[in-house]
Amino acid sequence: MQPLSTQRIRSALACVETGQFGTRITYQQQVGSTNDLARKLANNHAPEGTLVIADEQTAGRGRLGRRWEAPPNTSLLVSIIFRPRLPPLLAYRLVMACGLAVAEACEERFGVIVEMKWPNDLQLDGKKFVGILPESAIVGDTMIWTVVGIGVNVNQIIASPNPLAGTATSLRMVTGQKHDRAALLAHVMTCLNKWYDRLEKDALIDAWRSRCITLGRRIQATIPGGNFTGLAEDIDTYGALWVVDNAGQRYRLTASEVTLRHM
Ligand code: BT5
């Protein structure tokens, strides 16, 4: 399998219709975090649809100060710059659009069944293979930009003694084959272009609701105030999760502050 390169990414994107996504790309073989570089470019007026891609991250980030692990030459690591005319309250819809795009692209290309776990994980056979990290610049009531970082485990084999062995998987581990990351990126951007047109439509939330394996399950949520368990009932128009506990009390959980475990 060849390493990524600007040329390979451009060739793959040229074969498909992706709208504005990928018109501008920045590829680096190694970077601290693609989200950090994308934020810098966004602050320097990079247009919507700019993609920042790396083969390796030395400081890949998850939510809440966690790390994203990705051995060189194995993963799809991409950050997308968005500048939608969208109230900041609806920013989470960008994560939903990206999640749906990755799920659809993987299902169409590889015949797998992707499970979506609220708020930002995609799984195969109950194990995580995609993580999504949104970061926004907001001034008053205006979203200036949002960067959505996506990490996809494509060609790594995750096995003991790797501490992620019990909880993480890759497309290669599930399909038994290595895959072309540039072609996958192009396919994801095609699907994203479609979902981006529906950003403010109910169809986006409905698609998430119907795919989300968290709904209807008992979950344990860790929030800044502590832990609680309850039944995940619904996802609202802002992408927040509604949970009812054993006493019938309802809670509204937002992605930025919660760690969730299915029970
Ligand atoms: C996420 O955080 O899932 C968001 C990850 C976003 C990564 C992308 S890569 C491109 C862009 N640039 C960045 O710097 N980040 C984004 P969270 O929900 O906090 O999950 C992090 C947790 O997932 C870690 O604490 C590990 O337990 C686990 N983990 C780390 N690396 C993993 C991997 N490759 N596959 C599966 N699980 C992983």
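**Reading a buried strand and its surroundings**

Author: In this predicted model, L76 stands opposite V152 in β7, and that pair is a convenient place to begin.

Reader: In which sense do β3 and β7 run, and how many bridges join them?

Author: Strands β3 and β7 (residues 142–153) run antiparallel and are joined by 8 bridges. Strand β2 (residues 51–57) also pairs with β3 in the antiparallel sense, here over 4 bridges, and within that pairing V52 stands opposite S79 in β3.

Reader: How should I read the two faces of β3, and which residues lie on each side?

Author: The general idea is that in a regular strand the side chains alternate between the two faces of the sheet. In this case S75, L77, S79 and I81 lie on one side and L76, V78, I80 and F82 on the other, and all of them are buried. Because 8 of the 8 residues of β3 (residues 75–82) are buried, the strand is largely enclosed by the rest of the structure.

Reader: Turning to helix α5, how many of its residues are buried, and what is found at its start?

Author: In an α-helix there are 3.6 residues a turn, so residues three or four places apart point the same way. Helix α5 (residues 181–196) has 16 residues and spans 22 Å from its first C-alpha to its last, close to the 22 Å expected at 1.5 Å a residue. Of those 16 residues 14 are buried, which leaves α5 mostly covered, and at its start a side-chain oxygen of D180 comes to within 2.9 Å of the backbone nitrogen of A182.

Reader: Where in the backbone are the cis peptide bonds to P119 and P161, and which residues other than glycine have a positive phi?

Author: One cis bond runs from W118 to P119, with omega near 5°, and P119 sits in the loop between β4 (115–117) and β5 (121–124). Another joins S160 and P161 with omega about 10°, P161 being in the loop between β7 and α4. As for phi, L64 has a value near 55° and N73 one of about 70°. L64 is in the loop between β2 and β3, as is N73; L64 is partly exposed at 48% relative accessible area, and N73 is partly exposed at 36%.

Reader: Which residues make the nonpolar surface patch?

Author: I157, M173 and V174 make a nonpolar patch of about 230 Å². M173 belongs to helix α4 (residues 171–175) and, with a relative accessible area of 31%, is partly exposed.

Methods: Residues numbered from 1 in each chain as written. Predicted model: local features only at pLDDT ≥ 70, side-chain atom pairs only at ≥ 80, totals over all residues. Heavy atoms only, no water. Expected span 1.5 Å × (residues − 1). Buried < 20%, exposed > 50% of the residue type's maximum accessible area, 1.4 Å probe, protein only. Polar contact = N/O pair within 3.5 Å; in protein donor to acceptor, adjacent residues only side chain to side chain. Pairing = 2+ DSSP bridges. Patch = residues over 30% accessible without salt bridge, like charges linked within 9 Å, V, L, I, M, F, W, Y side chains within 5 Å. Areas by Shrake-Rupley, 256 points an atom, 1.4 Å probe, with all protein chains shown as cover. Salt bridge = Lys/Arg side-chain N within 4 Å of Asp/Glu carboxyl O.
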